[in-house]
Amino acid sequence: MQKKISKIPFKGTPEQEAKLKEVIEANKQDKSRLMAVMQEAQEIYGYLPMEVQEMIAEGMEVPLEKVFGVASFYAQFSLTPKGEYNVSVCLGTACYVKGAQSIIDELQSELGIGVDECTEDGKFSLNACRCIGACGLGPVMTVNEEVYGKLTTKEIPEIVAKYK
């Protein structure tokens, strides 16, 4: 599954940029530290927009293609911002066979976004994940740390309304 790139305009602050420059400065002599720099950048910004990837590439003196390749390959990196409420639907085998795709479809309709996207107001993000270890409760979704199990599509509007 190819990662989506955010359509929401980048809104980095001068403080975030200063922190990132410190991280890059401390690591730029060792190209093998690229992933560590990217991890710290994601901690600072919450995700890795193209503008941040460009700063990392320039500061670490590596091709932008390499930074983007790492960011798009590893699941730990996100190219889209996370919402205040990060909604995640388990697509592990047990949840999938119990109807997880219909839960995702209903959430996409309710939130007006696709998987790996964030609402324009920054309130919700939606993603699919692999097994979260609650197979007996399938289909399962989380909203931040709150777990919802044995879901039906009819419950989705009410759950989303709790967070609006």
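A residue is called buried when its relative accessible area is under 20%, exposed when over 50%, and partly exposed in between. The exercises below apply to a predicted model.

**Exercise 1. Describe the overall build of the protein: its burial, surface, extent and order of elements.**

Solution.
1. Burial: with the cut-off of under 20%, buried residues make up 43% of the 164 residues.
2. Surface: the accessible area comes to about 9,300 Å², and carbon and sulfur atoms hold 51% of it.
3. Extent: the C-alpha trace spans about 55 × 30 × 25 Å along its principal axes.
4. Elements: there are seven helices and five strands. Along the sequence they follow the pattern α-α-α-α-β-α-α-β-β-β-β-α.
5. Contacts: taking those between residues at least 6 apart in sequence, 64% join residues at least 24 apart.

**Exercise 2. Locate S88 and V89, assign each to a burial class, and list the contacts of each beyond four places in sequence.**

Solution.
1. S88 lies in strand β1, which covers residues 85–90. V89 is found in strand β1 as well.
2. S88 has 9% relative accessibility and therefore counts as buried. V89, at 0%, is also buried.
3. Beyond four places in sequence, S88 is in contact with N127, C129, V140, M141 and T142.
4. One of these residues, N127, has a side chain joined to that of S88 by a polar contact of 3.1 Å.
5. With the same exclusion of sequence neighbours, V89 is in contact with A100, I103, I104, L107, L126, N127, A128, C129, V140 and M141.
6. N127 is on the list for S88 and on the list for V89.

**Exercise 3. Find how many salt bridges the structure has, and place each pair in the chain where possible.**

Solution.
1. Side chains of opposite charge can pair when their charged atoms come close.
2. Searching the whole structure gives three salt bridges.
3. K21 pairs with E17, with 3.2 Å between the closest N and O atoms. Both residues belong to helix α1 (residues 14–27) and stand four residues apart, so about one helical turn separates them. E17 is partly exposed, at 30% relative accessibility.
4. E25 pairs with K28, again with the closest N and O atoms 3.2 Å apart. K28 has a relative accessible area of 28%, so this residue is partly exposed.
5. K162 and E146 meet at 3.5 Å, N to O. This pair links distant parts of the chain: K162 is in helix α7 (residues 156–163) and E146 is in strand β5 (residues 146–148), 16 residues apart.
6. K162 is exposed because its relative accessible area is 53%, while E146, at 37%, is partly exposed.

**Exercise 4. Work out which rings are linked with Y85 into a cluster, and give the geometry of each pair.**

Solution.
1. The structure holds four aromatic pairs.
2. In the pair of Y85 and F124, the ring centres are 5.7 Å apart and the planes meet at 40°, so the pair is tilted. Y85 is in strand β1 and F124 in strand β3, 39 residues apart, and the pair links distant parts of the chain.
3. Both of these residues are buried.
4. Y85 and Y163 form a tilted aromatic pair too, with 4.9 Å centre to centre and 55° between the planes. Here strand β1, holding Y85, is linked with helix α7, holding Y163, across 78 residues.
5. Y85 and Y163 are both buried.
6. The ring pairs thus link Y85, F124 and Y163 into a cluster.

**Exercise 5. Identify the residues of the nonpolar surface patch, and place I132 within the chain.**

Solution.
1. I132, L137 and V147 make a nonpolar surface patch of about 230 Å².
2. I132 sits in the loop between β3 (124–129) and β4 (141–143).
3. The relative accessibility of I132 is 38%, so I132 counts as partly exposed.

**Exercise 6. State how far apart V89 and E17 are in sequence and in space.**

Solution.
1. In sequence, V89 and E17 are 72 residues apart.
2. In space, their C-alpha atoms are 32 Å apart.
3. V89 is buried, whereas E17 is partly exposed.

Key: Residues numbered from 1 in each chain as written. Predicted model: local features only at pLDDT ≥ 70, side-chain atom pairs only at ≥ 80, totals over all residues. Heavy atoms only, no water. Patch = residues over 30% accessible without salt bridge, like charges linked within 9 Å, V, L, I, M, F, W, Y side chains within 5 Å. Areas by Shrake-Rupley, 256 points an atom, 1.4 Å probe, with all protein chains shown as cover. Salt bridge = Lys/Arg side-chain N within 4 Å of Asp/Glu carboxyl O. Helix = DSSP H or I, 4+ residues; strand = E, 2+ residues; numbered from the N terminus. Buried < 20%, exposed > 50% of the residue type's maximum accessible area, 1.4 Å probe, protein only. Polar contact = N/O pair within 3.5 Å; in protein donor to acceptor, adjacent residues only side chain to side chain. Contact = heavy atoms within 4.5 Å. Phe/Tyr/Trp six-rings, centres within 6.5 Å; stacked < 30°, edge-to-face > 60°.
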